[in-house]
Amino acid sequence: MSAPTPETATSSDGARASLEALRTEIGKAVVGQDPAVTGLVVALLCKGHVLLEGVPGVAKTLLVRALASALELDTKRVQFTPDLMPSDITGSLVYDTRTAEFSFQPGPVFTNLLLADEINRTPPKTQSSLLEAMEERQVTVDGTPRPLPEPFLVAATQNPVEYEGTYPLPEAQLDRFLLKLTVPLPSREDEINVLTRHAQGFNPRDLKAAGVRPVAGPAEIEAAREAVAKVSVSAEIAGYVVDICRATRDSPSLTLGVSPRGATALLSTARAWAWLTGRDYVTPDDVKALALPTLRHRIQLRPEAEMEGVTSDSVLNSILAHVPVPR
């Protein structure tokens, strides 16, 4: 592999610094959610989408809004409700009486960063309207495909499935999300910090007043993606990723293991994390660091395992502990 030119190195380092600055900017609005922030940045680098899960009130929506404010990207928000129709997201043909012709009115999906708020509160038919947009990065209406802008990221929030009024996302749509990030309740110290900020006048609806400013844009994202594509992967690391994914297919606790698409996703996220941490090669620790958020939504527990308190994360942690690590 040839050594990078000074120009390439500078561009790569500058892009990394810009994306690292995102954490600082988002931290001005959101307290104590660094793993979720990192996951959103990794998804941007991998051209993937993110599912954020947590109980109401843990700043899932604020997290995505802060990301949009820290990036020079167009953003739109859709509140998913039981009566939302597919055309409310993708757009529709509208009859123009002046021209006596139908014209296409784009929906909110035609943006760089789409916030799909509480995606599991809308029926499966409307949920599935995002499938083509997420996978093909286009929307087809009346037989005509219409490309979406680049970059394009869907950041969807959902409440835990046991909450009333939720529709579980089908496996096909879950598989379209690169990462599933859990947004936990804050620690006592972080919650005190949140209350202190509010007492000092912080308004979550006015992020400019909180000092959140754009620190990166499409140019930095593209430069970062080009740098991530040059991160090397050894045969041993590729084998390690495959062994982890194959172990999920043999787990007695699971009815559904990770597909080859999931293995590809894990390799992509590990490469992005390696680059973010300043390396041009992937280590086993990079794979371990991204295994849970990349794979937890791609496996399915047996009912009897769920009744015994087994979770997707506990199964994956057990597999990571037993699969031999390459030296």
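Trainee: How far apart do the centres of the positive and negative side chains of the protein chain lie?
Mentor: This is a predicted model, in which local features need pLDDT of at least 70, side-chain atom pairs count only at pLDDT 80 or more, and totals for chains, interfaces and linings use all residues. Residues are numbered from 1 along each chain as its sequence is written, and side-chain values use heavy atoms, with hydrogens and water left out. Lys and Arg count as positive and Asp and Glu as negative, without His and the chain ends, and each charge is placed at NZ of Lys, CZ of Arg, CG of Asp or CD of Glu. The protein chain has 32 positive and 40 negative side chains, and the centres of the two sets are separated by 2 Å.

Trainee: What radius of gyration does the protein chain have?
Mentor: The radius is taken over C-alpha atoms, and the globule rule is 2.2 Å times the number of residues to the power 0.38. For 327 residues a compact globule would come near 20 Å, and the protein chain agrees with this at 21 Å.

Trainee: What percentage of the residues in the protein chain is buried?
Mentor: Buried means under 20% relative accessible area, exposed over 50%, and partly exposed in between (1.4 Å probe, protein chains only). Of the 327 residues, the buried share is 46%.

Trainee: Which residues of strand E6 point to the buried face?
Mentor: Helices (H or I, at least four residues) and strands (E, at least two) are DSSP runs, numbered from the N terminus. Side chains alternate along E6, residues 138–141, and Gln 138 and Thr 140 point to the face that is not buried. The buried side chains on the other face are Val 139 and Val 141.

Trainee: Which residue in E7 is the bridge partner of Val 141?
Mentor: Two strands pair if DSSP finds at least two bridges between them. E6 and strand E7 (residues 144–147) run antiparallel and are joined by four bridges. In the hairpin, two residues stand between the strands, and Asp 142 takes a positive phi near 55 degrees. The partner of Val 141 is Thr 144.

Trainee: Is Arg 137 buried or exposed?
Mentor: Arg 137 is located in the loop between helix H6 (131–136) and E6. Although not a glycine, Arg 137 has a positive phi of about 55 degrees. Its relative accessible area is 17%, so Arg 137 is buried.

Trainee: Why does Glu 118 count as partly exposed?
Mentor: Glu 118 belongs to the loop between strand E5 (113–117) and helix H5 (124–127). Its phi is positive, about 55 degrees, although Glu 118 is not a glycine. Glu 118 counts as partly exposed because its relative accessibility is 22%.

Trainee: How many residues of helix H3 are buried?
Mentor: H3 covers residues 60–70 and is largely enclosed by the rest of the structure. Among its buried residues are Leu 62, Leu 63, Val 64 and Leu 67. Of the 11 residues in H3, the buried ones number eight.

Trainee: Which residues are in contact with Leu 73, leaving aside its neighbours within four places in sequence?
Mentor: Leu 73 sits in the loop between H3 and strand E2 (75–79), and is buried at a relative accessible area of 13%. Contact means heavy atoms within 4.5 Å. One of the partners, Pro 151, lies in the loop between E7 and strand E8 (153–158) and is joined to Glu 150 by a cis peptide bond with omega about 0 degrees. The contacts of Leu 73 are Ala 68, Asn 112, Pro 151, Pro 218 and Ile 221.
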